[in-house]
Amino acid sequence: MKPSGKNVLVTRPGHQAPPLCRLLTAAGFNPIPLPTIDIVAMTENASIDNRLKSLSEFDYIVFISANAVTQANVHRPQWPSSSHYIAIGPKTADTMSRIGIQASTISAKPFNSEQLITQLPFALTGKRILIIKGQGGRDFLADAFRNKGMLVDTLDVYQRKLPICTPAITPTLPIDYVTITSNLALKHLTILLPNDIEFLKKNSTFVVFSQRIANYAKELGCQHIVVSDAAHDAGLLNAIIKTKA
């Protein structure tokens, strides 16, 4: 039986929210889009262009997200086929495929950086790797590669900003679930809804991508937290449905 009109706050960036909203609607939920992150291109275009011209110097090239693929492709629409490309999760790999890049390694379930590290060969000492990512992201992956003896370089191709304009939420609107895909998304939510956040922390179920985000949500005082079994939209939906079982 489908749930009857439970409200789900979707905090994904505006251009990434529709697929999750469609999944929720099909399952009988009422999605409420509230983007807490804006994806903004970097301003150092010439610098990024120059860095992407030297891809042949690297043994491995990692795309941290679908946004990293899209933004990098603005600067280099032609990608060398001889490079060894790595994708964090199937969504990133699908985005790569659409622009002609085939990922030779894709992080398996739960589709995160921690899982990727377990899939790579042990003999990586001295290999050069470029991580294409958003500004201000985690250092986990770069540190893990360095611990394997790799020579690591990173390239920021987008910024994650606090949205300037956000649709207002009526304080009396019951929010049953809040989907959170990063620590920053949750941090921004507390800024965007200063009058409602304490109520949400006490009464809504926060459905998050990872235990790391769950720990952060707990630190902020969220009382009901569920971790999805995979870092993608279907994982969020399944986690919500399981809380109803």
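User: In this predicted model, which exposed residues sit on the face of α1 turned away from its buried side?

Analyst: Exposed here means over 50% relative accessible area. On the face of α1 pointing away from the buried side, two residues fit that label: Arg22 and Ala26.

User: And the buried residues of α1, within what arc do they fall?

Analyst: The buried ones are Ala17, Leu20, Cys21 and Leu24. An α-helix has 3.6 residues a turn, so positions three or four apart point the same way. Looking down the axis of α1, the buried residues line one face of the helix, because they fall within an arc of 100°.

User: Which residue follows α1, with a positive phi?

Analyst: Phi is near 95° there, so to speak on the positive side. The residue in question is glycine 28.

User: How many residues does the largest nonpolar core have?

Analyst: Leu24 of α1, buried as noted, is among the residues with the most contacts inside that core, along with Phe29, Ile180, Leu189 and Phe206. Elements giving it two or more residues include α1, β9 and α7. A second, separate core has 21 residues, Ala93 and Ile101 among them. The largest one has 35 residues.

User: Which helix makes a right-handed β-α-β unit with β5 and β6?

Analyst: β5 pairs with β6 in the parallel sense over two bridges, and isoleucine 86 stands opposite threonine 105. On the β4 side, β5 is parallel too, joined by four bridges, and there the unit with β4 and β5 is built with α3. For β5 and β6, the helix is residues 90-98, α4.

Technical notes
Residues are numbered from 1 along each chain as its sequence is written. This is a predicted model: local features need pLDDT of at least 70, side-chain atom pairs count only at pLDDT 80 or more; totals for chains, interfaces and linings use all residues. Side-chain values use heavy atoms; hydrogens and water are left out. Two strands pair if DSSP finds at least two bridges between them. A crossover is right-handed if, with the strands pointing away from the viewer, the path from the first strand over the helix to the second runs clockwise. A nonpolar core is a set of buried Ala, Val, Leu, Ile, Met, Phe, Trp, Tyr and Cys residues joined through side-chain atoms within 4.5 Å. Buried means under 20% relative accessible area, exposed over 50%, partly exposed in between (1.4 Å probe, protein chains only). The arc is that of the directions from the helix axis to the C-beta atoms.
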